[in-house]
Structure formats: C-alpha cells, structure tokens
Amino acid sequence: LCRGGLAERLCRLQNRERSAISFWRHQCISDDKIPSDKSGVLVVKILEIFEECTIQVAICQQLEQSPAMLSSEDAVINAEEPILKVLFTRETAAHLKSRPQDVIHIYPPWQKLLLQNADVPVIMNTYFSQKVLLSEHSEAREKTYGLTKMLIRKNVISLAQTFRLDNLDEELHQESSDNQVACGPQIHNNGDSKQHPLALSAVNDSLLEMVESQGAVGWREVQVRVVIQRVYCLPAREGYRSHVQGNKPLRSDGGMFCRLCLLVQDAYGMFSEVQLQSLSSTDDIEQYCRRWEGKSCCLAGMKILQRTTRGRALGLFSLIDSLWPPVVPVKVHGQSQEPEMMTTDLPPPSFCYVLTAQSGEIHVEVDEEEQISNLYQPPAVHGLKEILRIGGCNKRRSFWAQVLYQRLQTKHNIPIAQREILLFVTDSTLQNAVHGIPKVVAVSVTASCVLSMEIREALSAGSRLVFFKDALWGNGRIICVERTVLLLQKPLLCSAAGADLSELPGSVRLDELDSATQANSVCALRGTVVGVNESTAFSWPTCNRCGNGKLELCPQDRELLYCNQCSEVVTTPVLKMQLEVFLHCPSRSQSTIKVKVWHEIGVALFALLTMLLFLQTYEMQSVLGKEVGLLNCYVHSVTSHPNCVALEEIVLL
C-alpha cells in the first residue's frame, strides 16, 4: 500500500475497528453482565431472520426499556413502535447466534437509514450488539437451542436482477428449501456425499471468491472445487498447535509434531495451502501422495489461518513457482469465462491463503475414482548433472539418487532432532560425467523436512534409491526443506525431463582429493604414510554379533566378555580402533593430510601397523613409506594457515 494513501488509511481504520469490537466483546464476557451505560441503547426483539448478499437481515420490533428480570417472551412490545430492519455482518451474526424471539441490545454508534419508498427503517453499524438472556427459563431455552441446527433462509439475488436486465430466468427468483443451509457446527466423514448437508450446497471453483464472500470466520454452507497439486507434511509449531485444538498433530519419531498438508489450485490458477489433521504415522504420507495428487477435491468447513505473501513465505512460493505457469489455460477473474478468454499468460501469484479445518468440521472430499485433472503438474524428474548446470536461485527440482553416505551435523548446542543431516548421493549422470562434474553431491536435509520412519530405516540399513521430490536448488546447494518429500517408490505420475534413470554401475567412484576439494564433502584418497599420531590411538572390543561396543566382564567367568544387548558371552570379540596417520598425497603435495581411521575399517589397509601398534613392539620405520589406498573419506576441514586437510575414513552404505 502507498504510504499515507487512502488504502493504507482505510486498512488502519479497519484494524482499529476490529480491535475495538474484540475488546468490547471481551470486556462484556469478563464482566459477565450487560454494560451499565444504557444511554443510546436500542433494544429490539427479533421476529424473522434471513440472509441476503452475505448480510444477515433481522426483522425486529423495537422494545421499550423493560425490567432486567423479564423473560424475552414477556418483554413489552409497543405496538406503535415501527418495525425495524437490522443488518448484522457475518462476523456479528456468528457471535450473536440469534433466533426469532431473542432480545438484542444494540449499543452506539448504531445508525438509522431511511430509504425512499420504504416504510421500514434500516439499522446499520451494529457491531456492538449483545444478546440478552433475561431469565433462567431463557437460559435453559438457549442451551436447548444450542444443540439444534436452525435453517436460515437465503435470498439469492442475481446480478441480472440487481441491474434490472430483461429476460430474467425465473429460477433465479425462486427461494426454495435448497437455499436454506444449516447453521452450527457439523462433523463429516469422507463417506457418501448424499449424507452430507454440505454436499447439497453450490460448489464454487474460485478460492478468491470464497474468501471474499465467506470471510475469515469460516465456510459453513459452501464448497470450493480445487485440484491437489502436492501432498506433504509440515512441522507444527507451538503457536499453531495451541491454535488448532480439534485435531492434535502427530509427534514424529524425530521429536517433531507434523500435520498433513495439501497444496491446491483452483480453476483460476490461484493456490492455497490446506493444513489438515495429523497422520497416524509419517509413513502414511506416501500413500496419500499416490492416492490424492492430481485428483480434484471439494473443500468445506475451512477457515483462513493466514494470508501470506512471497516475501514472508519464500519456501511456499518457490514450490508455487515450480508449478507456474499452468499447463492448461485457466480462467481470469473479471473476464468472460468463454474458452477463448482463458489463458496461461498470467503473472505468478503474489499471495496465498493458508487454510485450516475448523475444529471438528474437517471436510475434504477427494474423488479417488476420478481421472487425473488436466491442471495437475506432476514433478519433473531431472538428472543430477542437469540440475548442477541449471542457474538461478531457490528452484524446486525432483530427482532420483542413490544415497552413499549420511552424516548428522555435529552442533552440540542444538538438539539432535533439530540438526541437519547430510546425504551424499549420486546417479548415473554423475558417474558417467567427464572431468569438471563432481561424481557425488551433498544434499542437506534440514530439521523442517519431515522424514518418514520408512525413509530413516532405509537410509540406515544400506544404500537405497530415493526419490527427492521438490528439493530446493540454489547457490550450488541442494537442500531438503519444508514441503520436500522423500519417497522410496516412484510416483505414479512424473515426467522425466531428459533425466537418465539407468542403473548405476557395479562400483561407485568418488572424486579424488585435489585442490578443489572442500570441507563437508566426500572424496577418495591415495598417498604414502609419513607419520602416526600415537597419542590419539586407542582400541576397544565389540560384540561380533550386534557390534555393541560396551562389553562387560562375564559374572561367571571374569576372563570372558559379556554383551548386554545379546545377553550372551562374547567368545570372539572384534577389536576396533581409532588411529590418526599423516599422508603425503601427490594431488595436494603442499598440504598436510591427516586421516582418522575408525574401528576395523582400516584393518585391511593398515594390518601391519595395527598389529605392531597394539603389541607395542613396532618400529616406526616399518610403517613409514607404506602406500595407501584408495580410501573413501569424509572431509572435516580444509585450512590454508596452516595448509592442512583433516579427513576421516568412512564406509559407503
């Protein structure tokens, strides 16, 4: 908004108005009584209620000031007082929950509008209104009515009727029972739509029209038809968890609360993120992706959680941008809806509404038997070589890759559940690439990326092909963030945009250590032993069955070792070790190369060194000058002062 302009001033005025109304209502609830100041208060008794153009219209009769203990049925009605037509906004009507025979106190500054050729005055600006329960009988009636649903007549006014056009369709004037909708909370299951009162209401195809017509209170009697573009899980923050009390989010094994979310798109190309209920397991995300993505669904019982913009939600809009422009022409607001007026030449969306289900009113009806929508854009699968060559920043990319090694970032001041995981991956396009293209790339998995237990177990068990859907690429890094999904199975629909999905060769090659090697990467190393750091060498026995490194002396025989995990005696323990050696590497001849050898990994390569070290009968000259490798290593650090490279030998999955 332009600073100091009319729009900004109006926005501030509306915000102040909403704050004043909320404060006034809170004060009334806190005091648990009717405000004592009765000057200018309009007291009315409702005779009839109907809805017109989203405004609730109450036909009322004005009451004289009556004693506070009278019931609403006994309230004095002055026959000489005129009938009033009182207008309540949707928000005020939802707050009052008025019914015929209710007594309403309307506090200033209400206004009376006298229309030409109309005998009934109109009362407007009724934000400061309060329903009065004048006796115990009325309170009992209120509790009884609160359990039942009341039908409110809706007057459907067409634009043709408003502008008095000729040849009106007679159906537009009919006010049948189909135009009456249930008022009050309802709970629905995804069953037969014939059982749903909401299924009988009109279905809209515009998210923007729904938001503008229904407001932020919630969609009770209307539905909007959309296409599900993506299904994913989001971590639920503390504020959101307390805000949505009807559906408790899932606590994943990583110590994070998660919610099922949909990114949907309407017939006009507008996107919205729908945050639904928790999943019984994070593993359910894969089946929801397969069943729901690309299908049309109807949303009802929604309310606006947030209106966000590109500057405030870069992650969300990077995903939206990957789905823009639409694959088929979409409608344009304010223009004719004829096919020739539809287009794909539209600017990308600049805002997005985040919707959530109202407490106890989840209603997402997905037609799983329906064909995939033409508006759906499946993930475009790229090869890693192609992704590395793509310019730009914050681009969403999908790819298949084989995970070779994973490492949890060691930041001791950060809880384990919030630490970043590094996955080192490759594919056939990298393994077959010529010089200048790395053979392995690192993928950073942030704590906000929800991983299913199936994925976690697969990564721990061994090398697996993993599908990375909608990962973020930019500034030379591939990052899995919010709304990135990792799957083990291929999606039912995906477009291989020139990607080479052939199998990897039998042996995987890493880039050899050279001057371009950076920290937090993996490489292959060959060289000559020039020194051993004896002060850091140590060893320990482990169980040959489960690998447990915390063995104890057997209570029955103090000369044997015992494993608590296996609950058995360990007769042939595996001796593991840590050893630091210094190498001379021809590819980095000016650097000091320090390699940490862990466990039994280096036994085959350093068999002589290991044996002599533990027997402590070796001579350094018997070890120095030995040729090493190829060793697969993780690069801890690369420094220039002093010129040193610190590595750790690793085992690929």
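**Close-up views of strands and one leucine**

**View 1. E552 faces a partner across the strands: it stands opposite Y562 in β29.** Like the other views here, this close-up comes from a predicted model. Strand β29 covers residues 561-563, and two bridges pair this strand with β28 in the antiparallel sense. Now take in the whole sheet: three strands lie in the order β28-β29-β30, paired antiparallel, and the sheet is open. Its edge strands are β28 (552-553) and β30 (568-570), each of which pairs on one side only.

**View 2. Strand β22 (residues 441-445) is largely enclosed by the rest of the structure.** Why can we say that β22 is largely enclosed? Because four of the five residues of β22 are buried, and buried means under 20% relative accessible area.

**View 3. Strand β22 is joined to β21 and to β24.** Look for strand β21 (residues 421-426), which runs antiparallel to β22 and is joined to it by five bridges. Here you can find F424 opposite A442 in β22. With strand β24 (residues 477-480), β22 runs parallel, and three bridges join the two. On this side, S444 has I479 in β24 as its bridge partner.

**View 4. L630 sits in strand β33, which spans residues 627-640.** Is this residue buried or partly exposed? L630 is partly exposed, since its relative accessible area is 45%. Leaving aside residues up to four places away in sequence, L630 touches E512, A524, L525 and R526. Take A524 as an example: A524 and L630 are 106 residues apart in sequence, yet their C-alpha atoms are 5.8 Å apart in space.

Note on methods:
Residues are numbered from 1 along each chain as its sequence is written. This is a predicted model: local features need pLDDT of at least 70, side-chain atom pairs count only at pLDDT 80 or more; totals for chains, interfaces and linings use all residues. Side-chain values use heavy atoms; hydrogens and water are left out. Buried means under 20% relative accessible area, exposed over 50%, partly exposed in between (1.4 Å probe, protein chains only). Contact means heavy atoms within 4.5 Å. Two strands pair if DSSP finds at least two bridges between them.
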